[in-house]
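Me: I would like a close look at how helices pack against one another in one of these chains. Please go through it carefully, as one connected account, and then place it in its wider setting.

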Amino acid sequence: MSEVALNPMTGSGAPQAPLRTLADGRQSRRAWRAARVTVLSEFYEWGRVASTLGMLVIRAALTYWLWQALYATTKSSAGLDSRQATTYALLGVFYVAFRAVNRWAARDNMVQHMLEGTIAYWFLRPVSPRRFYCIKACGDLGYGACWGAIAYIVCLTTGVIAPPVSARAGLAALACMALGLVTLYYLRLLIDLACFWTVVNNQLVIMYEIVQNVLAGALVPLWFFPAWFAAFDRLLPFQGTLNVPLSLYIGRTPVNQFAGALEVQALWIAILAVLSTLVWRRASARVTVLGGSDDHDDGRGSRTRDPR
Amino acid sequence: MTTTMDAGRARGIRADLDRKPGLREQAALYYRISRLNLKAQTAYHGEFVLGLLFGLVWQGSMVLFAGVLLLRFPGLGGWKQGDVLLIASMRLVSHSLYVACFSNIAMLSMTVQEGRMDGFLLRPMPVYRQVLLSRFQVNSFGDLLAGAGIFVLALFRLDLGWTPLKAVYVVCGILGGTLVEAGVQTLLAIGALRFTGLFTWTSWVDQTISTFGNYPLNVLPSPAKDALTFVFPVAFIAYLPAAIVTGHTATTGLPLWLTAAAPLLGLGFFLLAKAVWYRSLRLYQSVGG
């Protein structure tokens, strides 16, 4: 395993500033083609797309019937009526299903790149690893958003879920959801970057997803939890990713509280953005490339020199 | 001379391989393999600790889901809160046993993708057993802890007039539930012998059982209930055995004998699934070409 020096922020193979030309700009735009990779790998096996669809339909139907049954003996609980709770729960199901695409089968998870040593290529491309990660995440999000939009329209037109209480509430929910997705991007990035220290982060990813689903309200609407739990959750960045937009959507939270929620989300995004920049810098400076061999192999992989 | 010696040694090795190991030898082998797998897991300390916690957090979130709903709503489908808690706790304990003993079959698509399956086909041990022993599931400790905790809590909250027969039936119900879950994942794993990317399905099955296996299924419309009984047998994991113990057999819509035979059917289903899996091994396609 040989020691290689890589530029953490630009990629070692990337031309440095004085050499940049018009062609770089074109190359930079071309980099966005990487956003298609997840979609292409998904459609490479149609069975996978069909199974995603089938699984979602079954899960949505079971969720719908469960909430209808829960409200069979009562009209309202925790300030939510049957229609509001069902709408919230179903939108939560779509959110979990389409928030992230499982790249495991395509061997394109950060941990897989780390274990197979292919993480080195991220630093050899003419696009910085940080940008490459962002481009791929945008591709995943776009793909998930398309599915989410289809599921939403189908459920809305069939009357399974309710429309937003008002146009303002709908727009407010959409804005909150957009900021929530940015928050989620940074959170997931930090979890993935942990690989640079731990090499393996499978359990960390799963734990994060569970905790995130519970604290965001994807499993049960947060209105059903005790007040102390909701108060504690308000201090964390998760609630803004789902509970706040959905509460605005169903009318459980008045639209005039929208500005406050937006401020909290913006604050969290700023904190996470700064943190992720710092962590990227540290992570790139210590990337471990597993695989290969040379005379200086110490059995633990090679580490890049910090170029600073 | 050399040829004769080689032939003799080969015969000896073959005879050694053909000899069926005794129960004690098998147990010693399982112990050694599991110990080595556990040692391998400890290579990544942080991952190991998180693995221990994972089962607890995952099952805890499912209990939270069920608990919050049960506290907010008076009951479900004619079942009282305590009765529903019994379904959830039986499901949790059977799931924890499944994770400890059988969950590696659900990861077969990964095993195949990593090219490890080829080795299993060459070694002198049943392939299915090798798959089950291929990894040590650290999270089974957390699962078992969460399951046992909730089960004890449910027992305290329920006043069912326990008799030895009821207690034995609950144990059989839990074991039957374990085998049903193992059977479902075994049947699904047949697909993994041929296609990559099946892990999405296995994790979906796991999630669906974890979420909807905790409730009385009589709340669902008839076609959905039938599908979760006869097509995807979630009902046999905890709902039907709990119906016998709590006396809700009328709500199942099934003959009493069929409801009561749930643990036995679980065993039959698993054996059938395993037999079908072995027959399907001929479909196996190595990813290495």
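**Helix packing in chain B**

Reply: In this predicted model, B:D83, B:L86, B:I87 and B:M90 of α4(B) meet B:Y239, B:P241, B:A242, B:V245 and B:T246 of α12(B). Sorted by class, the contact of α4(B) with α12(B) has seven nonpolar residues, one polar and one charged. Helix α4 of chain B covers residues 81-101 and helix α12 of chain B covers residues 239-246, and their axes come within 9 Å while crossing at roughly 135°. That angle makes α4(B) oblique to α12(B), because it falls outside both the 65 to 115 degrees of a roughly perpendicular pair and the range over 145 of a roughly antiparallel one. The crossing of α4(B) with α12(B) is right-handed.

A second pair in chain B can be described in the same terms. The axes of α3(B) and helix α8 of chain B, residues 139-157, come within 5 Å and cross at roughly 35°, and this crossing, too, is right-handed. On the side of α3(B), the contact is made by B:G51, B:L52, B:L53, B:F54, B:G55, B:L56, B:Q59, B:G60 and B:V63, and on the side of α8(B) by B:N139, B:S140, B:F141, B:G142, B:D143, B:L145, B:A146, B:G147 and B:I150. By class, the contact of α3(B) with α8(B) has nine nonpolar, eight polar and one charged residues.

Helix α3(B) also has a part in the contact between the chains, which takes 33 residues from chain B and 35 residues from chain A. On the side of chain B that touches chain A, the elements giving two or more residues are α3 (45-72) and α10 (199-212) of chain B, and the largest share, 14 residues, comes from α3(B). That side of chain B divides into 23 nonpolar, eight polar and two charged residues.

As for the partner, chain A has 13 helices and four strands, and buried residues make up 36% of its 308 residues. Of the contacts in chain A with a separation of 6 or more, 79% are between residues 24 or more positions apart. One residue of chain A that can be followed in detail is A:Q239, found in the loop between α11 (227-233) and α12 (243-250) of chain A. A:Q239 is buried, because 23 other C-beta atoms lie within 10 Å, and, leaving aside neighbours within four places in sequence, A:Q239 is in contact with A:L215, A:A216, A:L222, A:D233, A:R234 and A:V244.

How values were computed
Residues are numbered from 1 along each chain as its sequence is written. Chains are lettered from A and ligands numbered from 1 in the order in which they are written. This is a predicted model: local features need pLDDT of at least 70, side-chain atom pairs count only at pLDDT 80 or more; totals for chains, interfaces and linings use all residues. Two residues are in contact if their C-beta atoms, placed from the backbone, lie within 7 Å. Ala, Val, Leu, Ile, Met, Phe, Trp, Tyr, Cys and Pro count as nonpolar, Asp, Glu, Lys and Arg as charged, and the others, Gly among them, as polar. A residue is buried if 20 or more other C-beta atoms lie within 10 Å of its own, exposed if 12 or fewer, and partly exposed in between; C-beta atoms are placed from the backbone. Axes are lines fitted to C-alpha atoms, for helices over the stretch in contact, and angles run from 0 to 180 degrees between N-to-C directions. A crossing is left-handed if the near helix is turned anticlockwise from the far one by less than a right angle, and right-handed if clockwise. Angles under 35 degrees count as roughly parallel, over 145 as roughly antiparallel, 65 to 115 as roughly perpendicular and the rest as oblique.
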